[in-house]
Amino acid sequence: MVKDVIKDAETHMKGAIEAIKKELQAIRTGRANPNILDRVVVEYYGTPTPLNQVASVSSPDARALIVQPWDKSALGAIEKAIQKSDLGLNPVNDGTLIRLPIPPLTEDRRKELVKVAKKETEERRVVVRNLRRDANEKIKALEKANQVSADESKKGLDDIQKLTDKYIAELDKLLEQKEKEIMEV
């Protein structure tokens, strides 16, 4: 029973790690990365649609992205969506595709992006800690209901703490890597 609680907590903690990896990928660095457009949503025939479902995004070099819509009539909507996003990019529409020159980041913008990465990571830390709290409560409830011994409960609580420490450390490592990537000139 305690093992099930631990397994469930670990599964959810892994989910938090996967979520932060996606979030961090979407944060812009000095290099062109198609993933920065993952959060852009286009009004396509009246329906909010993720950009990657209406166009292909490629990176011909480190300083530009190219957005090629599958339906040319979506060009205007894609351009508007990119302008409305908080990415600070200026799309250039040539009638068949959209070029996105990636300007070098200023020091202030880099610091802002690091703050965003820290905020996202802290939110995931809170998620992991909440998962720890929930798992601990479940284990204590099992002990109170005499379904597990005090020793099993203690070991379960220790295992949950080890898991929490492991995933918090992984979050810190991911944040550190992203900070380096952002601050790289």
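Which residues line the largest pocket? In this predicted model, the lining consists of A26, I27, R28, I36, R39, V40, S85, D86, L87, R109, L113 and V116. By residue class, that lining holds seven nonpolar, one polar and four charged residues. The space in the largest pocket comes to about 220 Å³.

The second largest pocket has its own lining. M1, V2, K3, I6, V148, E152, K155, G156 and D159 form it. Four of these residues are nonpolar, one is polar and four are charged. The volume is about 170 Å³.

The table sets out both pockets.

| Pocket | Volume | Nonpolar lining residues | Polar lining residues | Charged lining residues |
|---|---|---|---|---|
| Largest pocket | about 220 Å³ | seven residues | one residue | four residues |
| Second largest pocket | about 170 Å³ | four residues | one residue | four residues |

Helices contribute to the second largest pocket. Helix 1 (2-25) and helix 4 (150-183) each provide at least two of its lining residues. Helix 4 contributes the most, with four residues.

One residue of helix 3 is worth a separate look. E120 sits in this helix, which covers residues 107-144. Is E120 buried or exposed? E120 has 12% relative accessibility, so it counts as buried; the cut-off for buried is under 20%. Which residues does E120 touch, leaving aside those up to four places away in sequence? E120 is in contact with I20 and E23.

Key
Residues numbered from 1 in each chain as written. Predicted model: local features only at pLDDT ≥ 70, side-chain atom pairs only at ≥ 80, totals over all residues. Heavy atoms only, no water. 1 Å grid on protein atoms, 1.4 Å probe; cavity = no way out; pocket = protein on both sides within 12 Å on 5 of 7 lines; lining within 4 Å. Points joined across faces, edges and corners; volume = space filled by probe spheres on them. Nonpolar A, V, L, I, M, F, W, Y, C, P; charged D, E, K, R; others polar. Buried < 20%, exposed > 50% of the residue type's maximum accessible area, 1.4 Å probe, protein only. Contact = heavy atoms within 4.5 Å.
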